[in-house]
Amino acid sequence: MDTLELAAHGPVIPVIVLQRVEDGVPLARALVEGGVRVLEVTLRTPVALAAIARIVLEVPQAIVGAGTVRTAADAQAAAAAGCRFAVSPGYTDAVGGACRALGLPLLPGVATAGEVMRAQDAGHSFLKFFPAGAAGGVPMLKALAGPFPDVQFCPTGGLTPANAPEYLAVPNVPVCGGSWLTPADAVAAGDWVRITALARAAAALRPA
Ligand code: 3PG
């Protein structure tokens with residue numbers, strides 16, 4: 001899979017943090033029910049890999065990837081859990097090389113022109129722009145389009161339902177990411193109805 005295909009399923013990729021392994025499957029079902037199939041489950045909690053493995057097994061409609069992949073070992077564990085793609089907050093040759101060796105498509109993070117160049121050198125032309133809000137937001141994405149007309153970005157970090165349409169209106173942004181579809185309190189309460197509603201609204205977002 002080319003990571004750019006992830007953008008074909010809708011305008012927003014949810015960035016998911018799971019505290020309990022048993023939340024993964026109902027959460028994934030709730031998102032799929034709302035029309036959101038591409039799911040980034042971050043490796044930020046001890047239960048993430050086990051939750052990913054269960055989602056892969058029980059929610060076949062979901063296209064599950066691992067987020068917060070920071071090391072080669074993370075990439076190997078993500079592939080072993082059945083992830084279809086990996087997202088990293090930044091690019092390193094160790095993570096890039098591991099993903100290549102595993103055949104695991106990687107969406108690497110960048111925040112500066114030099115980082116774009118390093119990721120491009122390694123063959124990546126679809127990049128996560130992170131942390132989007134803090135690293136310059138929409139004006140930065142527009143500025144990067146000048147020297148990098150052949151690069152596309154998934155901005156993540158600081159996006160909201162209110163500002164996501166402005167990001168999606170930038171021509172080099174085919175999709176964006178955010179944690180607002182899966183609020184921690186809704187996940188903790190098992191409020192899957194609320195999450196389906198948030199997913200439905202996100203899936204319907206259009207460029208401003
Ligand atoms: C990420 O990991 O990509 C971000 O933490 C998600 O950022 P948000 O919580 O601001 O959406």
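Student: How many residues of the shell around the ligand are nonpolar, polar and charged?

Tutor: In this predicted model, the shell divides into 2 nonpolar, 5 polar and 2 charged residues. Its members are Val15, Arg44, Lys128, Phe130, Thr156, Gly157, Gly158, Gly178 and Ser179. Glycine counts as polar under the rule used.

Student: What makes the approach of Lys128 to the ligand a polar contact?

Tutor: An N or O atom in the side chain of Lys128 is 2.7 Å from an oxygen atom of the ligand. The cut-off is 3.5 Å, so the pair counts as a polar contact. Gly158 also qualifies, with a backbone N or O atom 2.7 Å from a ligand oxygen. Ser179 brings a polar side-chain atom to 2.5 Å from an oxygen atom of the ligand. The protein covers 79% of the 310 Å² of accessible area that the ligand has on its own.

Student: How many cavities of 30 Å³ or more does the structure hold, and what volume has the largest?

Tutor: There are 3 such cavities, and the largest has a volume of about 40 Å³. Rolling a probe the size of a water molecule over the atoms shows where empty space is left. A space is called a cavity if the probe fits but cannot get out.

Student: Which residues line the largest cavity?

Tutor: The lining consists of Leu6, Ile13, Glu40, Phe85, Val87, Leu107, Lys128, Cys154, Thr156 and Gly177. These divide into 6 nonpolar, 2 polar and 2 charged. Lys128 and Thr156 are listed here and also around the ligand.

Student: Why are Phe129 and Phe153 called an edge-to-face pair?

Tutor: Their ring centres are 6.4 Å apart, and the limit for a pair is 6.5 Å. The planes meet at 75°, and over 60 degrees counts as edge-to-face, so the name applies. The count of aromatic pairs comes to 1. Phe129 lies in strand S6 and Phe153 in strand S7, so the pair ties together parts 24 residues apart in sequence.

Student: What is the value of omega for the peptide bond from Phe130 to Pro131, and what is the bond called?

Tutor: Omega is near -10°, and the bond is cis. Pro131 lies in the loop between S6 and helix H6.

Student: What makes the phi of Thr68 worth noting?

Tutor: Most residues other than glycine have a negative phi. Thr68 is not a glycine, yet its phi is positive, about 60°. Thr68 is found in the loop between strand S3 and helix H3.

Definitions and conventions. Residues are numbered from 1 along each chain as its sequence is written. This is a predicted model: local features need pLDDT of at least 70, side-chain atom pairs count only at pLDDT 80 or more; totals for chains, interfaces and linings use all residues. Side-chain values use heavy atoms; hydrogens and water are left out. A residue is near a molecule or strand if one of its heavy atoms lies within 4 Å of it. A polar contact is a pair of N or O atoms within 3.5 Å; within protein, one must be able to donate a hydrogen and the other to accept it, and residues adjacent in sequence count only if both atoms are side-chain atoms. Accessible areas come from the Shrake-Rupley method with a 1.4 Å probe; for residues, only the protein chains shown count as cover. On a 1 Å grid over the protein atoms alone, a cavity is a set of points where a 1.4 Å probe fits but cannot get out, and a pocket is an open set with protein on both sides within 12 Å along at least five of seven lines; lining residues have an atom within 4 Å of a point. Grid points are joined across faces, edges and corners, and a volume is the space filled by probe spheres set on the points. Rings of Phe, Tyr and Trp (its six-membered ring) pair if their centres lie within 6.5 Å; planes under 30 degrees apart count as stacked, over 60 as edge-to-face and the rest as tilted. Helices (H or I, at least four residues) and strands (E, at least two) are DSSP runs, numbered from the N terminus.
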